[in-house]
Amino acid sequence: MTTETKGIAQLTAAMVLSGTIGVFVVESGASSLNVVFFRVLFGALALGAYVAARGWTRGHGFTRRSLALTVLAGLFIVGNWILLFEAYGNTSISVASVVYHMQPFFVVVFGALLFRERLTAATLGRVGVAFVGLVLVSGVRPSDLTGGGGDYLLGIGQALGAAVLYGLATLVVKRVNGVRPHLIALVQVLVGIPLLLPFADLGAMSGAGAGSWGWLVALGVFHTGVMYVLMYAAYAKLSTPKIAVLAFVYPAVAMLTDWVVYGHHMGPLQALGLPLIVWASLRVTLRKPAAPAVVAGSVPRTDARPTSVASRSATPVASGE
């Protein structure tokens, strides 16, 4: 197996894990706050064990500034998970996942507004195409806007809000250099523990069965710890175009599992919006940067050298999950 083939297998596995998160969230039967709390708790244990085993805590590379930025990104990531998990219940895993995949456009727009990154007419046109696709995928009807679909509209807004927070986290982490992404990810999940502890309803979990705990442990260990490790290993082996294309395994798997497990599927009109978002997202993600920097959507170009991972973004591609 070549290095590139191994990277493709690793990133595909990571995106498959990401695409099944919705089922684990729903099947746990816990509130979104509880799900995120236990995800960060078990995820921190899994990532912490991996980082400690590799000896990466020595010479970690954090400065006061980079640590503060990482903590800020962690706040965005935790908020993004809460909104996305809420969106699953108000819409569906399929719709929420596709709407959530609008993150690259928020990265581009916020980069232009906050950091004066270049925003071309072509990019604005692609954002417009993606918005048309979003309207189609959302399935919102005129009757929904007059009070007939409050929960559904709320779910669409929550998925968009999650994408906004993910985009902000991506922009913040892009400014953290010289630190391994595994360490950045570890700090991000650690931030969520004290942040969510006062709001987690631990009493509600006292009567939870083994099955419910199993879903939550898996979310932390496999969908956070293992998924992050696989993604960062793959980033070191693959070019940006391959990373960007493979990122679409995530919404595809989310739609498939939603259909197989819950019988949810998109209607013909909604399905028309999907290729518009895919096309526009790839065009925006793979655009040539105005200056040497990671491209939008937190899918930076990578080298084959393992040490190059140290300055790469710790926000997963289209998975803020």
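Student: What share of the area that the protein chain exposes do carbon and sulfur atoms supply?
Tutor: The protein chain exposes about 13500 Å² (Shrake-Rupley method, 1.4 Å probe; for residues, only the protein chains shown count as cover). The model is predicted: local features need pLDDT of at least 70 and side-chain atom pairs pLDDT 80 or more, while totals for chains, interfaces and linings use all residues. Residues are numbered from 1 along each chain as its sequence is written, and side-chain values use heavy atoms, without hydrogens and water. Carbon and sulfur atoms supply 68%.

Student: How many of the protein chain's residues, in percent, count as buried?
Tutor: Buried means under 20% relative accessible area (1.4 Å probe, protein chains only). Of 321 residues, the buried share is 52%.

Student: How many helices does the protein chain have?
Tutor: Helices are DSSP runs of H or I, at least four residues; strands are E runs, at least two; both are numbered from the N terminus. The chain has 0 strands. Its helices number 14.

Student: Which residues beyond its sequence neighbours does Leu165 contact?
Tutor: Leu165 sits in helix α9, residues 150-173. Contact means heavy atoms within 4.5 Å. Leaving aside neighbours within four places in sequence, Leu165 touches Phe76, Gly79, Asn80 and Leu83.

Student: Which residues of α13 meet α2?
Tutor: The axes of α2 (residues 21-28) and α13 (residues 249-262) come within 9 Å and cross at roughly 40°. On the α2 side, the residues are Val23, Val26 and Glu27. Their partners in α13 are Thr257, Val261 and Tyr262.

Definitions and conventions. Buried means under 20% relative accessible area, exposed over 50%, partly exposed in between (1.4 Å probe, protein chains only). Axes are lines fitted to C-alpha atoms, for helices over the stretch in contact, and angles run from 0 to 180 degrees between N-to-C directions.
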